Amino acid sequence: MRKRIFLLICIMCTLVHSIAAQPEKNSNPGFLTKAFVHPGMAQSKQDLDYMREMVVKGIQPWKTAFDNLKKNTSLDFIPKPFAEISVGPYGANSIGGREFSESAETAYNHALMWYITKDKAYARKAIEILNAWSYVLRGFDANNAKLNVGLFGYYYLNAAEILKHTDSGWASKDLQQFTQMVLTVLYPTIKDFFTEANGNWDASMISTIMCIGVFTDNHENFNRAVERFYWGEGNSGITRYLYPGGQCQETTRDWGHVQLGIGEFAKAAQTADTQGLDFYSVADDRLAQGFEYTARFMLGEHIDLFGVFTDRDNDKFRDIYESIYQHYKDTKGLLLPYTEKAIKQHTRPKSSVGFLTAAKAPVSNAPAKTSLYTGFDKFLKPTVIGALKGKSKMLPANSIFVKPGESIQKAIDSNQKSGKWIILEAGVHTLETPLKIYSGTLLAGQGRETIIFPAPQIGTAIINGEEILADVTIRDLLIEGATKVIENADPNHDRRSRSYMNAPSREGIIFKSKEKDGIQNITFENITVQNFTKNGVAIVGGKNIRINQCDFSDNGASVVPGAGFHHNLHLSYITNCDIISSRFDTSPYGNGINATFCQNVKVINSEMARNGLSGIRCAESSRITINNSLAEGNNEHGIFIEKQMNPCKDITIHQNTVQNNRYCGIDAQTAIQLNNKDNRSLHNGRE
């Protein structure tokens, strides 16, 4: 009997251990599991019926939108299908591209006209267009292959969804042929997305793949796009394309592409809404933030941004604003003021499909009254973080001023231990050799207009000039790691070229000492360190480090010794480090902050977003505090407390927002003495 009891206990222990060892299953509620709604893309049947009812009754603005649609929908249209479509960058050398896009929009127009008027002539024309391409098209090639399918597949699929679920007269064999084109031509072209491009590409593919999933009743395909929306890589996904406050990955490029990207995300959100998923509220209403930010600037008001302003295409309003405006007004009872103004002043008079498909059927729990959307203000702003516009703070009259072209090194060398500030005047200060910093150096610029630029042939911008380095302050300047100071009109082009293994090896501020606490009493304040392929800032062997209101971003590529080796900020063997109100974003292959063998590090009110690895990673460290910070859109964890040999201990993680990280929001499983509470953890991939 005792043997049986012992055997039973052993079996139970084995089972418990086996269950505990299982990886946590992803049960994220953001995925669609229930049956699809049909029609189920831009509009449900209820939405389509409501649209038709309002048009038939002649109610404005439906009447005007319908009149515009009818004017733009000709039964004389003749589709001109191609077997293979080839389109180069920006539409160059197009073979079949224009014909493909024209047919897409025209087919959808006719399908909508059919639903509203019940005139079979419109249904027959829409079917004619879809059939023409279904029996001919075999593939896509050249630069814009994925973009063509992403942008225009949406219209083909919405048209087909209406025809499929009405008595349109679409023959079964033709429907099957269209489905074959969708599954064997369109879907294979875009199923793997294209992270290397600007984010509008993947936004369009997310939208179209969702529609493919709906049309073919394929949850796997649909949820593939949902996953991309939440946790995209590169410039893809909602928190990688739209930053806190609404700035877009393409804001410094031009406003035409910004509108293209947020418009494609709005289409995806509309399809998700039809299927019962809420993309709108993700990341503190990030999509609404993006629309308000964009409309505000295009209407002539001031915005703040990280990077360089552009006004390219800021006078060309796309008809993208209706769906998000209608959703917030009718479903949430919130008015988006700048979006509303853009609609009334610029897009509504000429809108057709944009408005007709945006105004959804009234919901039973609609708010009784509306209030003004006040936006989202809890984020680090470019008016506070990094090198700022304008001159630096007041400095002593005996400061040493250095003009661009004059030697910074000479000024530092000749004023060692003098206690005088070295002021770099506005302009580009090119370094032909690494700048050596000595104890007591006080170095400042005149804000963002002061740029330290290491010449392309040198690898490091700033280093310590002595093994024991103490009492150094660097503030109010920008350190540029790109091989040219003026970025390309398309910033993603430059970022992509820096991300490759064979890019030039360049690093920003590197203070290293073999001595224990050799680097002491170092302060960085309001400096920007950006675009270095190796570490932006690395401090090894030191104590009493203070980083205040800095921006270390876009550093850490895959140059040798390889991806994951370089970061925006790397700290090792550091005691006492305060990181306050600073930004560590968009390291292509590294962590925002990487801390190893550190003690008493505090990260307060900071942002670690869109990094190739984790927002912040700590290993072999103790007394780490991370409070009131944002870690979002990182390719691994938001906050990662890792054990290599010995666990980290005495870890405090309080009141942080960790969202849309591909792995965990907070992974601190191995930490000892963990105090982890009051954190907002939302839409992380493994939670």
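Two strands count as paired if DSSP finds at least two bridges between them, and in this predicted model that criterion gives a starting point at strand S6. Strand S6, residues 421-424, runs parallel to strand S9, residues 442-444, and three bridges join the two; within this pairing, Ile-422 stands opposite Leu-443 of S9. Strand S6 also runs parallel to strand S5, residues 400-402, again with three bridges between them, and here Leu-424 of S6 is the bridge partner of Val-402. The path from S5 to S6 includes helix H16, residues 408-414, and these three elements make a right-handed β-α-β unit.

The side chains of S6 can be read against a simple expectation. In a regular strand the side chains alternate between the two faces of the sheet. Trp-421 and Ile-423 point one way from S6, whereas Ile-422 and Leu-424 point the other way, and all of them are buried.

From this strand the view can widen to the chain, which is divided into domain 1, residues 46-189, and domain 2, residues 556-686. The C-alpha centres of these domains lie 47 Å apart.

Charged pairs offer another route through the model. Side chains of opposite charge can pair when their charged atoms come close. A search of the whole structure finds 35 salt bridges, one of which joins the side chains of Asp-47 and Lys-360 with an N to O distance of 3.7 Å. Because Asp-47 lies in helix H2, residues 45-56, and Lys-360 in the loop between helix H15 (353-356) and strand S4 (371-372), this pair ties together parts that are 313 residues apart in sequence. Asp-47 counts as buried at 6% relative accessibility, and Lys-360 is likewise buried, with a relative accessible area of 17%.

Another salt bridge is formed by Glu-607 and Arg-583, whose closest N and O atoms are 3.6 Å apart. Glu-607 belongs to strand S20, residues 607-609, while Arg-583 sits in the loop between strand S17 (569-580) and strand S18 (593-596), so that the pair links parts of the chain 24 residues apart. Both Glu-607 and Arg-583 are buried.

The side chains of Arg-617 and Glu-642 also meet in a salt bridge, at 2.7 Å from N to O. Since Arg-617 lies in strand S21, residues 616-619, and Glu-642 in strand S24, residues 639-642, the pair ties together parts that are 25 residues apart in sequence. Arg-617 counts as buried at 12% relative accessibility, whereas Glu-642, at 22%, counts as partly exposed. Finally, salt bridges that share partners join Asp-551, Arg-583, Asp-585, Glu-607 and Arg-610 into one network.

Methods. Residues numbered from 1 in each chain as written. Predicted model: local features only at pLDDT ≥ 70, side-chain atom pairs only at ≥ 80, totals over all residues. Heavy atoms only, no water. Buried < 20%, exposed > 50% of the residue type's maximum accessible area, 1.4 Å probe, protein only. Helix = DSSP H or I, 4+ residues; strand = E, 2+ residues; numbered from the N terminus. Right-handed = clockwise from strand over helix to strand, strands pointing away. Domains from an automatic or database assignment. Salt bridge = Lys/Arg side-chain N within 4 Å of Asp/Glu carboxyl O.
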